Amino acid sequence: MVGVPFGLPLDGVRVLELGRYVSAPYCGRLLADYGADVIKIEPPGGGDEARRMGPFAGDDPHPEKSIPFLYLNTNKRGITLDVETVAGAGLLDRLLEYADVLVENYPPDARPSCLDPKALAERYPHLIVTSITPFGQTGPYRDFAATDIVTTAISGLMYHSGDSDQEPLRNALNQSFYVAGINAAVATSAALFQRMFTGQGQTIDVSTVECLASHLVQALPYYNYMGAIKGRRPVRGSGFEELMPARDGYVIPSVQGSQPWSTVAELIGVPELQDERFASGSGRIEFGEQIHDLLLQGLAQWDRKALHQASGERRLVFGMAQDAGDLHECPHLHEREFFRTVSHPVAGEADYPGMGPSLSGVEYKVRRHAPLLGQHNSEIYGAELGCSADELAQLRALGAI
């Protein structure tokens with residue numbers, strides 16, 4: 001029944017995450033948001049390299065204050081473990097006996113031997129192993145390293161971003177690795193569903209480049225059917241469907257929708273835009289430069305939010321470029337309860353973005369702040385695996401945890 005609260009969809013699923021930086025941690029974060037018990041495994045000493053990624057809360061470069069790390073690792077428990085030591089590999093074996101999923105993003109040529117997907121499949125046939133790399137586990141590029149700008153460029157996505165008279169544009173904020181994490185979480189969830197019927201786990205090979213390339217739903221068929229390469233968007237010159245300056249930022253005027261040109265011209269507020277020469281699409285192309293100048297004049301009298309509201313009331317498809325402050329204060333997002341307040345013992349309290357999808361009967365919560373380095377060692381190694389205090393002390397002395 002709609003409205004009746006249920007448990008979270010992945011309650012009871014245990015995930016081990018040997019993830020660094022963005023892609024695997026974001027996959028683990030999404031699985032944790034849906035209820036999985038995600039145990040983040042970090043190397044002793046420094047932990048995940050993301051702990052040293054800025055910006056930092058309070059502009060303090062502290063390993064517990066990395067804002068990307070804090071966001072990527074909420075709802076997880078955290079332990080330290082050196083899986084390349086004999087004792088560490090033994091502990092990992094014990095953890096895997098009770099795990100449903102292992103998520104990792106080691107480069108294929110640098111993956112510890114204890115994480116070989118084929119060996120894991122033989123030893124733990126129930127286990128789902130999700131591996132995320134820039135180029136996948138096979139192929140001539142498999143061992144190549146890549147940053148976000150490289151994966152975006154090689155995938156073909158960058159070539160189609162921007163205007164035709166300018167160089168390709170890069171997407172910001174490591175979006176390719178977030179896309180890979182999303183795809184990995186979806187594939188992992190599908191594998192868990194399949195395991196319900198087969199009882200068998202499987203290995204999942206996630207290529208960041210292929211995740212991005214799969215978005216080119218027009219460009220690749222265009223090339224195959226037409227034998228031509230689709231370019232970047234043409235420079236319109238009229239100002240419509242382009243970012244243009246308003247009084248307090250940038251807006252996107254538009255002629256899309258069912259309203260006549262006179263409605264657009266009346267909204268902008270420049271009488272000269274009512275000229276009949278501009279009423280047709282061909283006229284707006286022919287006189288694009290004049291329209292562009294008139295739009296600059298009219299939009300300079302508008303604030304972004306007021307224009308966005310007024311255009312929506314007239315059934316016009318206008319947009320505005322929002323910064324982080326705009327998003328945080330956005331009444332629409334607040335009405336939909338998009339943000340969640342998270343309190344961290346070192347970084348303090350902040351509002352975090354919530355989940356995109358909403359499931360009926362499921363209330364999304366941040367159940368845990370991002371773990372402190374090794375925060376749950378005693379809980380997991382001691383209470384759950386049965387290691388004594390003396391054994392834990394010996395493992396620390398050996399550098400295994």
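Arginine 29 sits over the face of tyrosine 71, 4.4 Å from the centre of the ring. This is a predicted model, and a second arrangement of this kind turns up in it: arginine 20 lies over the face of tyrosine 106, at 5.2 Å from the ring centre. Tyr71 has ring partners as well, since ring pairs link Tyr26, Tyr71, Tyr178 and Tyr352 into a cluster.

Two of the residues just met, Tyr26 and Arg29, belong to helix α1, where both are buried. They have plenty of company. Eleven of the eleven residues of α1 (residues 23-33) are buried, so the helix is largely enclosed by the rest of the structure. Charged Asp33 and little Gly28 are on that buried list, and so are Leu30 and Leu31. After α1 comes glycine 35, with a positive phi near 110°.

Back to the rings: the count of aromatic pairs comes to ten. Take phenylalanine 240 and tryptophan 261, whose ring centres are 5.7 Å apart; their planes meet at 75°, over the 60 degrees needed, so the pair is edge-to-face. Phenylalanine 240 lies in the loop between α8 (219-226) and β7 (244-245), while tryptophan 261 is in helix α9 (residues 261-268), so the pair ties together parts that are 21 residues apart in sequence. Neither ring-bearing residue shows much of itself: phenylalanine 240 is buried at a relative accessible area of 3%, and tryptophan 261 is buried too, at 9%.

Next up is aspartate 100, in the loop between α3 (86-96) and β4 (101-104). Its relative accessible area is 15%, under the 20% cut-off, so aspartate 100 counts as buried. What does the side chain of aspartate 100 make a polar contact with? The partner is the side chain of arginine 195, at 2.7 Å. Leaving out residues up to four places away in sequence, aspartate 100 also touches Gly12, Val13 and Arg14, along with His126, Leu127, Ile128 and Leu192.

A few spots in the backbone deserve a look. Most residues other than glycine have a negative phi, and most peptide bonds are trans. The bond from glycine 54 to proline 55, however, is cis, with omega near 0°. Proline 55 is found in the loop between β2 (37-42) and α2 (67-72). Asparagine 75 is not a glycine, yet its phi is positive, at about 70°. Leucine 173 also has a positive phi, near 65°. Both residues are in loops: asparagine 75 between α2 and β3 (76-80), and leucine 173 between α5 (148-154) and α6 (175-198). Buried or exposed, then, for asparagine 75 and leucine 173? Asparagine 75 is buried, with 3% relative accessibility, whereas leucine 173 is exposed, at 67%.

Zooming out, the chain is divided into domain 1 (14-215 + 351-397) and domain 2 (244-320). The C-alpha centres of domain 1 and domain 2 lie 45 Å apart.

As for confidence, the average pLDDT of the chain is 92, and 98% of the residues score at least 70. Residues 1-5 are another story: pLDDT stays under 50 there, and the model has four contacts for this stretch beyond four places in sequence. Where pLDDT is low, the predicted coordinates should not be read in detail.

Technical notes:
Residues are numbered from 1 along each chain as its sequence is written. This is a predicted model: local features need pLDDT of at least 70, side-chain atom pairs count only at pLDDT 80 or more; totals for chains, interfaces and linings use all residues. Side-chain values use heavy atoms; hydrogens and water are left out. pLDDT is the predictor's confidence in each residue, from 0 to 100. Contact means heavy atoms within 4.5 Å. Rings of Phe, Tyr and Trp (its six-membered ring) pair if their centres lie within 6.5 Å; planes under 30 degrees apart count as stacked, over 60 as edge-to-face and the rest as tilted. Helices (H or I, at least four residues) and strands (E, at least two) are DSSP runs, numbered from the N terminus. Buried means under 20% relative accessible area, exposed over 50%, partly exposed in between (1.4 Å probe, protein chains only). A charge sits over a ring if NZ of Lys or CZ of Arg is within 6 Å of the ring centre and within 35 degrees of the ring normal. Domain bounds come from an automatic or database domain assignment. A polar contact is a pair of N or O atoms within 3.5 Å; within protein, one must be able to donate a hydrogen and the other to accept it, and residues adjacent in sequence count only if both atoms are side-chain atoms.
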